[in-house]
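Student: I have a model open and want to work through it. Can we go question by question?

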Amino acid sequence: MNFKFTLLHQVTASFLMHACNIVFILLSTAILARYQNPDVFGSYIMILAAVTVTSILVSFGLPTFLVREVSSYLIRDDIATAKAVFRFSFFLTCGLLVMVLTIFLIVDVFLDSSLVSQAGIGVAIFLTGKVFSELFSGALVGFNEIIKGQFIQFVIPSGSFLFVLIIICIVLQEHPTIREVFYIQAGSTTLAAALGAGWLVSVFRRKKTDPNTEIMWVKWLCESFPLTLINGLAAFNQNALYLVLGVLCTPESAGLYRIADRVGAFAQFLRGAVDKVIAPRVARYWAIDDKESISRIMGSICVLNVLFNGLYFLGSVLFGGKIIALMFGYGYVDAWIPLTLLTGGFFLASLFGFNGILLTMTAHAKVVSSVLIVSVIAQLGLTFPLTVYFDVTGAAVAASSVGVCTAFALWKFAKKTTGINCAVNSLFSKV
């Protein structure tokens, strides 16, 4: 009973915080779309996509690596090694961040149209805060501080961003520029990173160890690299579409797809809420060879996720156009068909369960990265021709098709590799 209550408490808290994240991001997107013309809004989305991909590369998969490794060492009472894992992740992140910021500075000196020149120094601050807030979030979740980790990753960045943006719009009565928006985001991510650092210091003080364990650089670099591919490829799949649409079509097309993607993000609502809750549990149970508990957790969550996605897909079909017109304006109603296609793809993909988490947390990250490499190639192969002929709708078709195929492939590999079936029912086991 205590186990079920703890899991329910963590899932509920994570669900509510993820709700705040999605709602705030959706509302802030609506405000930007209304206060900026479609071309300016699309340009902002293209720059944001480029920064997001860069942040994933700088993170090097370390937030997920921390969740998995810290959780597994914690259940063995090896606190010293868990701390060493964090030191390794922190030093590596600092080195990669300095390298990327140096490249930004060099490019800014020689190219007036560079990313920093267009969006200001706020881009660099936003990138730094985003990377460290996610790193500290991963460490906190690994140390079983799940609610705090979720809070600094979701609630603060989106909440403060929305609040300050509304103040600017009301007080100044002007359209916020791209530069101003990135300064706002920079402040919010910096606040999240500072709070995460403070919480992590308090955790380290409670879990005292002496002496410090040596950092295993080569071993942990090899183990974290596949996670970079997983997170990087996933981010590329999501953000490359904005860049492709902006280049092959117009920035307005990128803006339309962003709106469809943001509204459709609610279909991933439950998945995003429980990922960080079940991930450390899977890592711990795998470390003690308790597959039965893993199967029980993953199966229950999968059923809930399918029901949630099914209802949201139905709602998108019936009311998606009206919601988009109400929130963003009639100029963005064309995002309804892409929204329906995306939510339909999410629903079909949810039938196969949470196999990416299962494989990643059971030291089979290389399998996930291999599947995602194939999916990125397929995504690009479909996106270019479909976007040229069908614009935003073609991009949505490509994303949904590849997403369903990727979910199916991950399920097949997970069942074969771990012996655990995460699909919604036993019919899939006969395929």
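Tutor: Yes. Keep in mind that this is a predicted model. Start with the lining of the largest pocket, which has nine nonpolar, three polar and six charged residues.

Student: How much space lies in that largest pocket?

Tutor: The value is a computed volume for the largest pocket. The space there is about 300 Å³.

Student: Of the residues that line the largest pocket, which are the closest to its centre?

Tutor: The lining has 18 residues. Four helices each supply at least two of them: α3 (62-75), α9 (217-248), α11 (269-287) and α15 (365-418). The closest to the centre are R68, E69, E223, T362 and A363.

Student: How far apart are the closest N and O atoms of R68 and E69?

Tutor: Both residues are on that list for the pocket centre. R68 is buried, with a relative accessible area of 7%. E69 counts as buried too, at 9%. The two form a salt bridge, and the closest N and O atoms are apart by 2.9 Å.

Student: How many salt bridges does a search of the whole structure find?

Tutor: The pair R68 and E69 is one of them. D261 and R262 form another, with closest N and O atoms 3.4 Å apart. Both D261 and R262 are buried. The search of the whole structure finds five.

Student: Which residues are joined into one network by salt bridges that share partners?

Tutor: Look for bridges with a partner in common. Such bridges make one network, and its members are E145, K148 and R206.

Student: By about how many helical turns are K130 and E134 separated?

Tutor: K130 forms a salt bridge with E134, with the closest N and O atoms 3.1 Å apart. Both residues are buried. An α-helix has 3.6 residues a turn, so residues three or four places apart point the same way. K130 and E134 are four residues apart in helix α6 (residues 122-142), so the separation is about one helical turn.

Student: Is α6 largely enclosed by the rest of the structure, or largely open?

Tutor: First, its length. The 21 residues should span 30 Å at 1.5 Å a residue, and the end C-alpha atoms are 30 Å apart, which agrees. Next, burial. Of the 21 residues, 19 are buried, so α6 is largely enclosed.

Student: What is the phi of N144, which follows α6?

Tutor: N144 is found in the loop between α6 and α7 (146-172). N144 is partly exposed, with a relative accessible area of 36%. Its phi is positive, in a residue other than glycine, and the value is near 70°.

Student: Is D289 buried or exposed?

Tutor: D289 sits in the loop between α11 and α12. D289 is not a glycine, yet has a positive phi of about 60°. Exposed means over 50% relative accessible area. D289 has 59%, so the class is exposed.

Student: How many residues of α2 are buried?

Tutor: Helix α2 (residues 38-59) has 22 residues. From first C-alpha to last, α2 reaches 31 Å, close to the 32 Å expected. Just after α2, F60 takes a positive phi of about 60°. The helix is largely enclosed by the rest of the structure, because its buried residues number 16 of the 22.

Student: Which helix gives the largest share of the largest nonpolar core?

Tutor: In soluble globular proteins, nonpolar side chains tend to be buried together. Here the largest nonpolar core has 77 residues, and Y44, F182, W220, Y257, I259, F328 and Y332 touch the most other members. The largest share of this core is 11 residues, from helix α4 (residues 79-110).

Student: How many residues are in the second, separate core?

Tutor: This core includes V274, I278, V368 and L410. Its size is 26 residues.

Student: What distance separates the C-alpha atoms of M298 and L358?

Tutor: M298 lies in helix α12 (residues 291-328). M298 counts as buried, at 0% relative accessibility. M298 and L358 are 60 residues apart along the chain, but the C-alpha atoms are separated by 8.4 Å.

Definitions and conventions:
Residues numbered from 1 in each chain as written. Predicted model: local features only at pLDDT ≥ 70, side-chain atom pairs only at ≥ 80, totals over all residues. Heavy atoms only, no water. 1 Å grid on protein atoms, 1.4 Å probe; cavity = no way out; pocket = protein on both sides within 12 Å on 5 of 7 lines; lining within 4 Å. Points joined across faces, edges and corners; volume = space filled by probe spheres on them. Helix = DSSP H or I, 4+ residues; strand = E, 2+ residues; numbered from the N terminus. Nonpolar A, V, L, I, M, F, W, Y, C, P; charged D, E, K, R; others polar. Expected span 1.5 Å × (residues − 1). Buried < 20%, exposed > 50% of the residue type's maximum accessible area, 1.4 Å probe, protein only. Salt bridge = Lys/Arg side-chain N within 4 Å of Asp/Glu carboxyl O. Core = buried A, V, L, I, M, F, W, Y, C linked by side-chain atoms within 4.5 Å.
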